[in-house]
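Subject: The model, and some notes on it

Hi,

Here is the structure I promised to pass on. My notes follow below it, so do open it alongside them.

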Amino acid sequence: QVQLVESGGGLVQAGGSLRLSCAASGLPFSLYAMGWFRQAPGKEREFVSAISQSGGNTGYADSVKGRFTISRDNSEKTVYLQMNSLKPEDTAVYYCAAKGPIWGGIYYYREYEYNYWGRGTQVTVSS
């Protein structure tokens with residue numbers, strides 16, 4: 001059974017930092033591209049960042065580029081999202097997603113391309 005479990009969310013002041021983690025189980029993690037999405041109240045879920053299986057390719061939404069960094073540790077079956085210079089508009093539930101198994105070194109930014117999803121972790125940024 002595949003499980004993706006996010007952690008690391010919380011309440012932080014604007015300008016602060018958080019690091020989200022997503023621990024995967026039940027799948028060959030190194031064959032899966034991973035992504036982070038978020039959904040703010042009253043809005044549709046949107047792409048935040050993604051990473052290829054090896055970690056060699058990464059992508060970011062324009063709204064987080066230069067502030068967020070995605071990484072992964074295949075030995076720990078975990079993907080991370082380091083979020084710096086947080087803004088109130090970053091407030092959302094953040095979801096981890098996995099796509100695979102695949103053998104190409106690319107990342108994916110479309111929601112429908114992902115096979116598995118976590119339940120999300122709340123990030124709240126106060127002004």
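A good place to start is Arg 72, which stands opposite Val 79 in β8. Strands here are DSSP runs of E with at least two residues, helices are runs of H or I with at least four, and both are numbered from the N terminus.

Before going further, some ground rules. This is a predicted model, in which local features need pLDDT of at least 70 and side-chain atom pairs count only at pLDDT 80 or more, while totals for chains, interfaces and linings use all residues. Residues are numbered from 1 along each chain as its sequence is written, and side-chain values use heavy atoms, with hydrogens and water left out.

Back to the hairpin. β7 and β8 run antiparallel and are joined by 6 bridges; two strands count as paired if DSSP finds at least two bridges between them. Along β7 the side chains alternate: Phe 68, Ile 70 and Arg 72 are buried and point to one face, whereas Thr 69, Ser 71 and Asp 73 point to the other and are not buried. By "buried" I mean under 20% relative accessible area, with exposed being over 50% and partly exposed in between (1.4 Å probe, protein chains only). That pattern is a familiar one: in a regular strand, side chains alternate between the two faces of the sheet.

The hairpin has 4 residues between its strands, and Lys 77 there takes a positive phi near 55 degrees. Lys 77 counts as partly exposed because its relative accessibility is 34%. Ser 85, in the loop between β8 and β9, is also not a glycine and has a positive phi of about 50 degrees. At 40% relative accessibility, Ser 85 counts as partly exposed.

What does the largest nonpolar core look like in residues? It has 36 of them, and those with the most contacts inside it are Met 34, Trp 36, Phe 68, Val 79, Leu 81, Met 83 and Tyr 94. The term covers buried Ala, Val, Leu, Ile, Met, Phe, Trp, Tyr and Cys residues joined through side-chain atoms within 4.5 Å. Seven strands are worth colouring here, since β3 (18-25), β4 (33-39), β5 (46-51), β7 (68-73), β8 (78-83), β9 (92-99) and β11 (121-126) each supply at least two residues of this core. The largest share, 5 residues, comes from β9.

Met 34 is a handy residue to centre the view on. Leaving aside neighbours within four places in sequence, its contacts (heavy atoms within 4.5 Å) include Leu 4, Phe 29, Ile 70, Arg 72, Val 79 and Tyr 114, along with Cys 22 and Cys 96.

Those two cysteines form a disulfide, with their sulfur atoms 2.0 Å apart; the cut-off for the pair of sulfurs is within 2.5 Å. The count by this rule comes to 1. The link joins distant parts of the chain, from Cys 22 in β3 to Cys 96 in β9, 74 residues apart. It is left-handed, at -75 degrees about the S-S bond, and Cys 22 and Cys 96 are both buried.

Two loop details to finish. The peptide bond from Gly 100 to Pro 101 is cis, with omega near -5 degrees, and Pro 101 lies in the loop between β9 and β10 (116-117). Ser 52, in the loop between β5 and β6 (58-60), is buried, with a relative accessible area of 1%. Not counting residues up to four places away in sequence, Ser 52 touches Ala 33, Asn 57, Arg 72, Gly 105, Ile 106 and Tyr 107.

Best wishes
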